[in-house]
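Good morning, and thank you for making time for this short presentation. I would ask you to look at the sequence and the structure as they appear on the screen.

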Amino acid sequence: MKAALIGVGQAGGKVTEALLAEDRRAGYGAIRGTLAVNTAKTDLEPLDIKTMLVGQERVKGQGVGADNELGAEVMQSDIREVMGELDGVVDPQTEAIFVVAGLGGGTGSGGAPVLVKELKRVHEIPVYALGILPGREEGGIYQANAGRSLKTLVREADSTLLVDNDAWRKSGESVTEAFDAINERIARRIGILLAAGENIEGVGESVVDSSEVINTLKSGDMSAIGFANADAAPDPGENINVITSTTRKSLLTGMSVPETTEAGAALVVVAGDSDRIPRKGVEKARSWVETETRSMQVRGGDFPLDSEKIAVLVLLSGIARSERLEAFMERAQKASEAVETEQVTENFQNEELDDLL
Ligand code: GDP
């Protein structure tokens, strides 16, 4: 799929950069343009992609902290300039736009929904959000911000593809230590999804078409992807079981939003050396996913890669009933109430102080 990526905020910029690097490294050529937008100058400086500083009048390049309302206001006031920077990032061949952001902070959390809305108003092609949910250990303000941002994104975007920061973290690493590793994992996995439908240099054309990704994503507000891989045997017949067991791992333990197995629609992509991928294996994996997700709409296909491994990517769309998402929304709601109580107390104390002074 020919995609344009716009990263908003620190996580948004870093993940966009990682996705572009992976797309180039693997020779997919799916990402046609990228832009990183931020209110904090220092977060843009290390990035190796086109960048744009917003909100200079309000925050003078210093960022908005975790104030996502300010993040939204700044994006709204500079929206024309941001849309102006997209010449050459979004072009007539672009099939979908992804707005990438960490939902727990300020700039991405507040800015991404505003940008998605404007992109939807101007463009006919699908506009998706790639949203990163804060890990469980992150503070209340992050949870509250992410809850609010997610509600708005779900309303505005064609689909919001979610990655929970706890999902692809190795045990022992703290979320912050793990950021670069997590970003690489996101890039590898979403890189394959974006590459669907592209002609990979020297390997051949993907059997999965970008319209299958788009049609799968149509079936719900939120989506998630799963990934797992295993060594492939040279004889394709031996790989039927490899494919089914890897598919099971991908859905049951490899999802970007863990504990998510029910979906409105799904797409199963079996990636690897075409000569080692038996058609029967792909079909068995597809029908297993159909039973497991209780969806009647499961697409499937293979994706040629020059690799001795077989990887299975499962895209699930329409995942609102995920246990993990429900738990997150509850946590976000509680955190939001706590933040409001704190603010009321603070205001009250300030008023008392005002009276005293
Ligand atoms: P912003 O710059 O104000 O949009 O805020 P950040 O992007 O720094 O942080 C928002 C959320 O993204 C937080 O919940 C962080 O956990 C998460 N985050 C920050 N940087 C990264 C990163 O490089 N990778 C990942 N996966 N998450 C990040």
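Let me begin with a definition: by the axis of a helix I mean a line fitted to its C-alpha atoms over the stretch in contact, and angles run from 0 to 180 degrees between N-to-C directions. Please also keep in mind that this is a predicted model.

The first pair to consider is α10, residues 239–253, and α11, residues 279–293. Their axes come within 8 Å and cross at roughly 30°. Because angles under 35 degrees count as roughly parallel, α10 is described as roughly parallel to α11. The crossing of these two helices is right-handed. On the α10 side, the residues that meet α11 are I240, I243, T244, T247, R248, L251 and L252. Their partners in α11 are K280, G281, V282, K284, A285, W288, V289, E292 and T293. Sorted by class, the contact of α10 with α11 comprises eight nonpolar, four polar and four charged residues.

I turn now to the binding site. An unreviewed UniProt entry lists under this heading Q10, A11, G12, G13, K14, G106, T107, G108, E138, N165 and N183. I shall take two of these positions, K14 and G108.

Is G108 buried or exposed? With a relative accessible area of 4%, G108 is buried. This glycine is found in helix α6, residues 107–122. Not counting residues up to four places away in sequence, G108 touches V8, G9, A101, G102 and P113.

K14, in contrast, is partly exposed, its relative accessible area being 25%. K14 lies in helix α1, which spans residues 9–25. Which residues does K14 contact, leaving aside its neighbours within four places in sequence? They are L47, F179, D180 and N183, and N183 is itself among the listed binding-site positions.

This brings us to the packing of α1 with α8, residues 175–195. The axes of α1 and α8 come within 8 Å and cross at roughly 55°, and that makes α1 oblique to α8. Here the crossing is right-handed. From α1, the contact is made by K14, V15, A18, L19, E22 and R25. From α8, it is made by F179, D180, N183, I186, A187, R188, I190, G191 and L194. By class, the contact of α1 with α8 has eight nonpolar, two polar and five charged residues.

To close, K14 and N183 are both listed in the binding site, and both take part in the contact of α1 with α8. Thank you for your attention.

Conventions: Residues numbered from 1 in each chain as written. Predicted model: local features only at pLDDT ≥ 70, side-chain atom pairs only at ≥ 80, totals over all residues. Heavy atoms only, no water. UniProt positions renumbered as here; feature names shortened; annotations may be inferred. Helix = DSSP H or I, 4+ residues; strand = E, 2+ residues; numbered from the N terminus. Buried < 20%, exposed > 50% of the residue type's maximum accessible area, 1.4 Å probe, protein only. Contact = heavy atoms within 4.5 Å. Parallel < 35°, antiparallel > 145°, perpendicular 65-115°, else oblique. Left-handed = near helix turned anticlockwise from the far one by under 90°. Nonpolar A, V, L, I, M, F, W, Y, C, P; charged D, E, K, R; others polar.
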